[in-house]
Amino acid sequence: MHKLLKVTLASALIGCGTMGVVANLMTKEAKAVEIITHWVPHEVYGMPGEPDNNGKVYFSGLGAKYMGYPKHENAPPYPGKYSKFWKTLPAYRYYIPDYMYNRDEVRPSNPIKGTFQLEQCIACHSVMTPGIVRDYKKSAHSRAEPSPTGCDTCHGNNHQKLTMPSSKACGTSECHETQYSEQGQGGIGSHASCSSFAQVECAWSIERPPGDTAGCTFCHTSSEERCSTCHQRHQFDPKVARRAEQCKTCHWGKDHRDWEAYDIGLHGTVYQVNKWDPKQFDWTKKLADADYVGPTCQYCHMRGGHHNVQRFSTVYTSMGMSMADRGAPIWKEKRDRWASVCDDCHSPRFAKENLQALDESVKDAGLKYRETFKVAEDLVKDGVADPMPKDLCPDWSGQHIWSLKIGAYHDDPAFGGKTGESGEFRMSNCSDIERLCFESVGYFQTYIYKGMAHGSWNDATYSDGSFGMDRWLVNVKQDASQARRLAAIEKKVGITWVPESFWKTGEWLDQLTGPYIVKNHPGKTIFDLCPDPGWLDTHHAPAEEVEYINRKLKELGMAHGAEELPHKEDPGARSMKPH
């Protein structure tokens with residue numbers, strides 16, 4: 001596969017006179033370029049692209065999903081190409097304040113009238129919400145000079161138009177502008193985009209009723225929209241935000257197993273047995289001055305207190321699910337920066353060899369997923385998957401695209417959809433083999449990546465890492481073998497199988513986006529109804545890289561329904577900035 005893709009791509013580029021550009025990009029070491037990925041790249045799905053050892057990380061191969069405000073008036077209340085199909089609950093207003101609380105047309109009614117100053121707020125809320133007042137009085141805000149940063153500073157003083165502070169309220173020039181700017185510098189996979197991307201661009205949030213994904217929304221919006229998620233209100237004590245447990249609320253669980261990997265790994269053990277000793281962990285010191293006996297999440301990922309958590313992270317490849325060769329020359333700067341943190345306690349050789357071990361573990365995991373995916377793909381192409389995509393209720397797009405058909409990787413009609421129309425991983429109402437494929441890469445390969453990155457050998461191998469992928473590969477093969485034998489028997493005895501109706505309809509299924517589109521927009525798909533792609537977050541890629549990707553999209557005919565990737569001049573601009 002590597003050689004085939006390299007020869008095919010090189011031939012196309014030579015014909016266009018661009019081989020020199022490619023050679024330069026393949027060998028340059030000066031800049032770490034991060035074109036963000038989504039799930040697993042071209043070498044699994046057969047999309048046009050370049051070999052993994054090139055080091056580029058493509059966003060669904062060379063197909064792309066987009067994020068950002070739609071370019072039209074009457075924009076939906078939250079950014080993202082598919083936001084008009086994202087269902088919300090009233091409780092979301094506290095987690096997405098600028099879009100669901102602070103605008104006049106959506107601000108909740110308030111029976112209290114009048115304009116109030118800090119002393120009046122404290123007098124009333126000492127009775128109404130005494131816990132908030134107690135916390136506030138312990139905060140640095142209450143002791144700020146020359147005057148306190150009070151309730152009216154953050155919420156306003158007109159009780160009929162109170163605001164729910166978002167991170168923007170904290171990021172003013174008078175307050176925490178630097179931290180706010182740094183927090184917004186990360187691309188997809190960072191705090192700065194974990195809601196606007198993950199909630200309104202992914203099928204599991206788009207297609208389902210809001211109650212199904214409320215937990216996803218609360219977590220994803222909290223870290224993008226609110227500083228108070230880490231700096232617990234109303235004390236906003238930085239000592240609390242420096243503790244590793246502060247990250248635990250979001251960074252744990254099946255598909256982002258950071259806390260578990262850290263907690264049971266070598267570093268986490270050092271932290272747990274020493275964290276109460278101020279001689280070993282002095283939480284009063286700023287991160288820039290920290291001299292901890294062992295690393296915390298913040299010590300490594302927020303080096304010196306910098307709020308872009310991707311700055312000292314490994315190459316972002318959708319939580320480890322992609323096979324990009326992190327050791328390729330293009331990533332040298334980012335890897336050296338990552339290893340420089342380890343140098344505080346370890347030799348440079350030790351850090352870099354452990355990075356290499358992470359690379360090899362992810363590559364081996366990728367081989368298993370290629371094999372797992374191929375078994376499932378062949379079942380669909382041969383028409384013996386049970387159920388086939390056509391036998392299900394309409395998917396999130398209002399069609400019957402195979403759920404593992406990510407980024408339009410084939411034009412084969414067996415998978416449904418057209419070029420540029422993408423399937424999405426589904427965890428429900430799909431064949432058991434599809435679900436096993438998703439869990440293999442979405443859970444077990446992630447465990448391997450997170451385990452190796454955080455020193456948890458148990459997660460990387462025994463718990464559900466490489467051994468879990470082994471188990472799921474065997475299960476997929478066993479299921480496929482049984483499906484083929486059953487199909488052969490049915491063919492021999494003349495049985496024409498009619499799938500059960502419960503795959504197509506049901507009380508819960510009827511609440512999904514797909515059936516809604518079919519019923520209310522006959523003949524249309526979500527791609528027709530959301531044609532404006534918005535803009536892709538390129539993670540502040542250098543201009544030559546963006547120009548190269550734009551040209552390749554055109555050359556390969558994969559710019560269907562998509563505008564060119566913009567080069568963002570301002571590295572501190574937030575990805576949610578409106579047009």
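**Buried aromatic rings and helices in an all-residue view of a predicted model**

F438 has a relative accessibility of 4% and therefore counts as buried, the cut-off being under 20%. The structure in which this residue sits is a predicted model. Its partner in an aromatic pair is Y443: the two rings meet edge-to-face, with 5.4 Å from centre to centre and 75° between the planes. Y443 is buried as well, with a relative accessible area of 11%.

The protein as a whole provides the setting for this pair. It has 23 helices and zero strands. Of its 579 residues, 50% are buried. Among contacts with a separation of 6 or more, 70% join residues that are 24 or more positions apart.

How many aromatic pairs does a search of the whole structure find? The search finds 23. One of them joins Y271 and F281, again edge-to-face, at 5.4 Å centre to centre and with 85° between the planes. Y271 belongs to helix α14 (residues 266-274), whereas F281 lies in the loop between α14 and α15 (297-301), so the pair ties together parts that are 10 residues apart in sequence. Both of these residues are buried. Y271 and F281 also belong to a cluster linked by ring pairs, whose members are W259, Y262, Y271, F281, W283, Y292 and Y299.

The loop between α14 and α15 also holds K286. Is K286 buried or exposed? At 57% relative accessibility, K286 counts as exposed, because the value is over 50%. Its C-alpha atom is separated by 7.2 Å from that of G305, although the two residues are 19 residues apart along the chain.

R303 is placed in the following loop, between α15 and α16 (332-342). With a relative accessible area of 22%, R303 is partly exposed. The C-alpha atoms of R303 and A288 are 7.2 Å apart, with their positions 15 residues apart along the chain. Beyond residues up to four places away in sequence, R303 touches Q298, F312, S340, V341 and D344.

Helix packing can be examined in α20 and in the pair α5 and α6. Helix α20 comprises 28 residues (466-493); at 1.5 Å a residue it should span 40 Å, and its end C-alpha atoms are 41 Å apart, which agrees. Which residues of α20 are buried? They are S466, G468, M469, W472, L473, V476, A480 and E490. An α-helix has 3.6 residues a turn, so residues three or four places apart point the same way. The cover over the buried residues of α20 includes α17 (348-381), α18 (432-454) and α19 (457-463). After α20 comes G494, which has a positive phi, near 80°.

Two packed helices are described by the angle between their axes and the distance between the axes. For helix α5 (residues 118-128) and helix α6 (residues 130-137), the axes come within 6 Å and cross at roughly 130°. That angle makes α5 oblique to α6. On the α5 side the contact is made by L118, I122, H125, S126, V127 and M128, and on the α6 side by P130, V133, Y136 and K137. By character, the residues of this contact divide into seven nonpolar, two polar and one charged.

Two further loop residues show how loops meet other parts of the chain. L162 lies in the loop between α7 (151-155) and α8 (167-170). The C-alpha atoms of L162 and P108 are separated by 9.3 Å, while the residues are 54 residues apart along the chain. With its neighbours within four places in sequence left aside, L162 is in contact with Y101, N102, R107, N110, H155 and G156.

T229 occupies the loop between α11 (214-225) and α12 (238-241). With a relative accessible area of 18%, T229 is buried, because this value is under 20%. Not counting residues up to four places away in sequence, T229 touches S222, S223 and Q246. In terms of accessibility, then, T229 is a buried loop residue, R303 a partly exposed one and K286 an exposed one.

Note on methods
Residues are numbered from 1 along each chain as its sequence is written. This is a predicted model: local features need pLDDT of at least 70, side-chain atom pairs count only at pLDDT 80 or more; totals for chains, interfaces and linings use all residues. Side-chain values use heavy atoms; hydrogens and water are left out. Helices (H or I, at least four residues) and strands (E, at least two) are DSSP runs, numbered from the N terminus. The expected span of a helix is 1.5 Å times one less than its number of residues. Buried means under 20% relative accessible area, exposed over 50%, partly exposed in between (1.4 Å probe, protein chains only). Contact means heavy atoms within 4.5 Å. Axes are lines fitted to C-alpha atoms, for helices over the stretch in contact, and angles run from 0 to 180 degrees between N-to-C directions. Angles under 35 degrees count as roughly parallel, over 145 as roughly antiparallel, 65 to 115 as roughly perpendicular and the rest as oblique. Ala, Val, Leu, Ile, Met, Phe, Trp, Tyr, Cys and Pro count as nonpolar, Asp, Glu, Lys and Arg as charged, and the others, Gly among them, as polar. Rings of Phe, Tyr and Trp (its six-membered ring) pair if their centres lie within 6.5 Å; planes under 30 degrees apart count as stacked, over 60 as edge-to-face and the rest as tilted.
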